[in-house]
Amino acid sequence: MEKFDVIIIGAGAAGLFCAAQAGQRGRRVLLLDNGKKAGRKILMSGGGRCNFTNLYTEPAAYLSHNPHFCKSALARYTQWDFIDLVNRHGIAWHEKTLGQLFCDDSAQQIVDMLLKECEAGGVNLRLRSEVLSVAHDDESGYTLTLNGSTVRAEKLVIASGGLSMPGLGASPFGYKLAEQFGLKVFPTRAGLVPFTLHKPLLEQLNALSGVAVPSVMTAEEGTTFKEALLFTHRGLSGPAVLQLSSYWQPGEFVTIDLSPERDLQAFLNEERDAHPNQSLKNSLAKVLPRRLVECLQQLGSVPECTLKQLNARQQSEVVTSLHQWRVQPNGTEGYRTAEVTLGGVDTSVLSSKTMEAKAVPGLYFIGEVVDVTGWLGGYNFQWAWSSAWACAQAL
């Protein structure tokens with residue numbers, strides 16, 4: 001039976017980075033993954049360019065039952081530390097919007113960088129390795145039965161990710177293992193995911209598929225995001241929707257400002273003074289996509305009349321319906337298209353300094369499997385790097 005200092009399960013962002021760091025600290029590391037390739041989710045991210053971190057990373061951008069848990073790791077390994085690593089490997093990058101950093105070329109560069117770092121640490125990477133069982137005793141540590149062999153290590157790190165994107169090999173392995181060792185796991189759900197709509201509204205908005213507008217979206221509990229909204233043939237998507245989906249609960253409404261840059265009350269008053277005989281629809285089409293205005297007219301939010309025919313009460317109703325459009329999503333598209341999984345291993349059972357389970361010596365959880373979920377825009381990758389680094393220092 002082969003023996004290692006550390007076995008890490010999951011060769012995604014957190015697992016690769018943790019393995020590299022631990023290996024470079026002189027540990028004998030075995031990194032296991034059930035897939036054919038390391039870093040599959042990295043390769044898919046950011047439209048193939050990997051949104052690898054965010055300049056504005058801070059604890060407030062993370063959801064968790066304990067919002068303080070992520071502070072220690074994020075402070076000890078920051079976005080600047082990871083940017084420095086990317087620069088040392090000569091990878092060109094650019095900022096898109098809101099502090100989001102992407103590779104100029106390809107996400108493959110980030111995977112190659114992590115693999116080189118693993119190589120520098122002498123990490124033993126084994127792909128297509130399925131973990132069939134995990135046993136633990138105080139003398140020999142952790143014994144793993146794989147498809148074809150048995151391996152053992154004093155320490156075991158779970159970096160197996162969440163349930164999002166099952167097509168990339170996502171599984172509930174990490175949650176089940178936590179429960180096997182008596183650790184609490186919060187219920188999971190899809191996050192950073194498009195909304196689906198109830199059939200009547202979906203049919204009425206069908207003509208808008210592919211239309212994008214700037215928006216401000218607000219959840220019932222008050223969280224607000226100012227980003228683009230995209231209408232799709234299944235419902236609503238775009239950055240604003242993905243962000244808000246992490247805060248939305250089934251049955252709740254969301255409020256959408258379809259004209260965040262323009263005060264429509266003032267705009268319509270100016271338009272009436274200048275063009276009293278112009279139709280309301282044609283006026284609104286100056287500030288909103290015409291297809292959207294036509295759809296809203298069919299929904300009854302925009303009356304068919306000229307500006308001089310529009311009375312004060314009607315105008316107020318139109319302005320409210322466009323600045324505060326209330327929509328009740330039917331649900332979300334679920335894990336299939338979700339970028340992350342909300343919930344997971346309860347942070348109260350882990351050390352925020354080392355990611356080790358307090359009641360199970362030598363067992364660690366890092367990355368998405370933990371109940372820490374970031375906003376869209378590189379925040380989840382930064383949590384992967386930071387939690388992996390914090391863990392590696394303790395291995």
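Accessible areas here come from the Shrake-Rupley method with a 1.4 Å probe, and for residues only the protein chains shown count as cover. With that in hand, start with the whole chain: its accessible surface comes to about 16,600 Å², and 49% of that belongs to carbon and sulfur atoms.

Before you click further, know that this is a predicted model, in which local features need pLDDT of at least 70 and side-chain atom pairs count only at pLDDT 80 or more, while totals for chains, interfaces and linings use all residues. Residues are numbered from 1 along each chain as its sequence is written, and side-chain values use heavy atoms, with hydrogens and water left out.

**The whole chain**

Show the C-alpha trace: along its principal axes it spans about 85 × 40 × 35 Å. Colour by secondary structure next, and you have 13 helices and 21 strands to explore. Helices (H or I, at least four residues) and strands (E, at least two) are DSSP runs, numbered from the N terminus. Of the 395 residues, 54% count as buried; buried means under 20% relative accessible area, exposed means over 50%, and partly exposed is in between (1.4 Å probe, protein chains only). A contact means heavy atoms within 4.5 Å. Among contacts between residues at least 6 apart in sequence, 72% join residues at least 24 apart.

**Stop one: strand E10**

Select residues 150-158, which make up strand E10. Strand E1 (residues 2-9) pairs with E10 in the parallel sense over seven bridges; two strands pair if DSSP finds at least two bridges between them. Look for isoleucine 8, which stands opposite valine 157 in E10.

Now add strand E9 (residues 141-146), which pairs with E10 in the antiparallel sense over four bridges. Threonine 145 has threonine 150 as its bridge partner in E10. E9 and E10 form a hairpin with three residues between them, and in the turn you can pick out glycine 148, with a positive phi of about 120°.

Go back to valine 157: its bridge partner in E20 is tyrosine 364. Strand E20 (residues 363-365) runs parallel to E10, and three bridges join them.

**Stop two: the cores**

Stay with E20 and select phenylalanine 365. Leaving aside its neighbours within four places in sequence, phenylalanine 365 is in contact with Ile158, Gly174, Leu177, Ala178, Leu183, Val345, Leu350, Met355 and Val370.

Phe365 also belongs to the largest nonpolar core, which has 86 residues. A nonpolar core is a set of buried Ala, Val, Leu, Ile, Met, Phe, Trp, Tyr and Cys residues joined through side-chain atoms within 4.5 Å. Which members touch the most other members? They are Ile110, Leu144, Leu156, Leu363, Phe365 and Trp383. Helix H13 (residues 379-392) gives the most to this core, with ten residues. Apart from it lies another core, of 43 residues, including Leu63, Leu197, Leu208 and Leu296.

**Stop three: a three-stranded sheet**

Next, select E3, E6 and E5, which form an open sheet in that order with antiparallel pairing. E3 (51-54) and E5 (93-95) are the edge strands, each pairing on one side only. The twist averages 30° from one strand to the next. E5 and E6 (residues 100-103) pair over three bridges, and tryptophan 93 stands opposite cysteine 103 in E6.

Add helix H4 (residues 79-88), which lies across E3, E5 and E6 and runs at about 140° to E3. Axes are lines fitted to C-alpha atoms, for helices over the stretch in contact, and angles run from 0 to 180 degrees between N-to-C directions.

**Last stop: salt bridges**

The structure holds nine salt bridges, each a side-chain nitrogen of Lys or Arg within 4 Å of a carboxyl oxygen of Asp or Glu. Try glutamate 2 and arginine 126, whose closest N and O atoms are 2.8 Å apart. Glutamate 2 lies in strand E1 and arginine 126 in strand E7 (residues 124-126), so the pair ties together parts that are 124 residues apart in sequence.

Then jump to lysine 286 and glutamate 271, which form a salt bridge with the closest N and O atoms 2.8 Å apart. Is glutamate 271 buried or exposed? Glutamate 271 is buried, with a relative accessible area of 9%, whereas lysine 286 counts as partly exposed at 44% relative accessibility.

Finish by selecting Arg234, Glu333 and Arg336, which are linked in a network of salt bridges.
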